[in-house]
Amino acid sequence: MAKAGVLGAGSWGTALALLLDKNGHDVTVWSIDQAEVEMLDREREHKSKLPGVKLPQTMKFTNEIQEAITDQDFMVLAVPSPFTRATAKKMAPFVKEGQKIVNVAKGIEESTLMTLSEQIEQEIPQADVAVLSGPSHAEEVGRCLPTTCVVGARTKETAEYLQKMFMNEVFRVYTSPDILGIELGGSLKNVIALAAGIADGLGYGDNTKAALITRGIAEIARLGVKMGGKIESFTGLTGIGDLIVTCASVHSRNRKAGYLIGQGRTMQQAMDEVQMVVEGVYSTKAAVKLAQKYEVQMPIIEQVNAVLFEEKSAAEAVKELMLRDGKTEHSDLPWEA
């Protein structure tokens, strides 16, 4: 049995805390919201974010961040991506040299273009930072429906340790050294999921979604490889796997926000209606900046950015995507003479 601190009591943090508790670990969950802590401790259910999932008495909840860090064998950082850096700053004074932190949020910081693990390492340089990602909606993990994820770490030893902590009969975990590829896949797929939702909101069909997923992963991989990520990550669970579920699932907040935008809501109206952090919105501007920095064409992501922030109509954005100059699908494939 290990001692685990989970920082963030949203749907994903709560689902992972339950998973770790069922694996026999001693779990303490921290929330910045004292009312949320009291509600979870009393109700043993997060009725607004993970309804129907009962939380055992063995799980502890606290509003004191030190309690979720001190003497823990590892921590899970599960706050929404816009709050990752601020939370890491709060954590830093209590984290010991070499203490393991697994980040499970997905995003890129617009002002610095840093991934979440890079932000954590900058704020907590003494930590051993890893990431966990894959097709894993909290609503299904909380109900113990089978899925598979990937843990990325700087060393094989850390990756295999965390693999053992999380893995069970319904949550299979693979390991990878490609932290950058894992994070880029997890962050950028949220932008493509917004596009898929917009297409659904416009009334388009399965063909449209399949095209968006396929060309979306091409954009993500093109940028990711240019930045140093590995193509295997983008064709695997943390690339195409996570992209498929986020574009297609009713649980996807990014797809839902896109759907509302496709139906005519503004970005802010859609975010307000979803009532959870839509991480793809925060990653879109960063993705466009990365595309410019690395001189990579990302037409889908550029059009999503125009819809979100430049008042372009969703229908016009789709029309521009379709009417771009004709191209070869794989430019590195030679033609026979």
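Here is a chat about how some labels in this predicted model follow from computed values.

User: Let's start with Asp26 and Lys60. Why is this pair called a salt bridge?

Analyst: The closest N and O atoms of Asp26 and Lys60 are 2.4 Å apart. The cut-off is a Lys or Arg side-chain nitrogen within 4 Å of a carboxyl oxygen of Asp or Glu, so the pair earns the name. The two ends belong to distant parts of the chain: Asp26 is in strand β2 (residues 26–30) and Lys60 in strand β3 (residues 60–62), 34 residues apart.

User: Are Asp26 and Lys60 buried or exposed, and how do you know?

Analyst: Neither label fits, because buried means under 20% relative accessible area and exposed means over 50%. Asp26 has 23% relative accessibility, so it counts as partly exposed. Lys60 has 34%, so it is partly exposed too.

User: How many salt bridges does the structure hold?

Analyst: It holds 16. Side chains of opposite charge can pair when their charged atoms come close.

User: What makes Arg44 and Asp41 one of those pairs?

Analyst: Their side chains meet at 2.7 Å, N to O. The limit is 4 Å, so that value passes. As for cover, Arg44 is at 9% relative accessibility, so it counts as buried. Asp41 has a relative accessible area of 42%, so it is partly exposed.

User: And how do you know that Lys54 and Glu45 form a salt bridge?

Analyst: With their closest N and O atoms 2.7 Å apart, the pair falls within the 4 Å cut-off, so it is a salt bridge.

User: Why is Lys54 called exposed?

Analyst: Lys54 is at 57% relative accessibility, and exposed means over 50%, so the label holds. Its partner Glu45 is at 8%, so Glu45 counts as buried.

User: Which residues are linked in a network of salt bridges?

Analyst: Arg42, Glu43 and Lys47 are linked that way.

User: Arg42 is in helix α2, right? What makes people say that the buried residues of α2 line one face?

Analyst: First, the residues themselves: helix α2 (residues 34–43) has Glu36, Val37, Met39 and Leu40 buried. Seen down the axis of α2, these fall within an arc of 165°, so they line one face of the helix. On the other side of α2, Ala35 and Arg42 are exposed.

User: Let's turn to backbone angles. What makes the phi of Leu113 worth a remark?

Analyst: Phi of Leu113 is near 60°, a positive value in a residue other than glycine. Most residues other than glycine have a negative phi. Leu113 sits in the loop between β5 (100–103) and α4 (116–123).

User: Why is Leu113 called buried?

Analyst: Leu113 has 19% relative accessibility, and buried means under 20%, so it makes the cut.

User: Which other residue has a positive phi, near 65°?

Analyst: That's Cys144, again a residue other than glycine. Cys144 is placed in the loop between α5 (138–141) and β7 (147–152). At 30% relative accessibility, Cys144 counts as partly exposed, because that label covers what lies between the 20% and 50% limits.

User: Now the surface. Which residues gather in a patch of positive charge?

Analyst: Arg215, Arg222, Arg324 and Lys327 gather there, on the surface. Lys and Arg count as positive, so the charge label fits these residues.

User: How do you know that Arg215 is accessible enough to be in a patch?

Analyst: Arg215 is partly exposed, with a relative accessible area of 33%. Patch members need over 30%, so Arg215 passes. Arg215 is found in helix α8 (residues 206–227).

User: What about Gly205, in the loop between α7 (179–201) and α8? Why is Gly205 called partly exposed?

Analyst: Gly205 has a relative accessible area of 37%, and that is in between the 20% and 50% limits, so the label follows.

User: Last one: why are Thr158 and Trp30 called buried?

Analyst: Thr158, in helix α6 (residues 156–166), is at 3% relative accessibility. Trp30, in strand β2, has a relative accessible area of 4%. Buried means under 20%, so the label fits Thr158 and Trp30.

How values were computed
Residues are numbered from 1 along each chain as its sequence is written. This is a predicted model: local features need pLDDT of at least 70, side-chain atom pairs count only at pLDDT 80 or more; totals for chains, interfaces and linings use all residues. Side-chain values use heavy atoms; hydrogens and water are left out. Patches are made of residues with over 30% relative accessible area and no salt bridge: like charges are joined within 9 Å, nonpolar side chains (Val, Leu, Ile, Met, Phe, Trp, Tyr) within 5 Å. Accessible areas come from the Shrake-Rupley method with a 1.4 Å probe; for residues, only the protein chains shown count as cover. The place of a charge is taken as NZ of Lys, CZ of Arg, CG of Asp or CD of Glu. Helices (H or I, at least four residues) and strands (E, at least two) are DSSP runs, numbered from the N terminus. Buried means under 20% relative accessible area, exposed over 50%, partly exposed in between (1.4 Å probe, protein chains only). The arc is that of the directions from the helix axis to the C-beta atoms.
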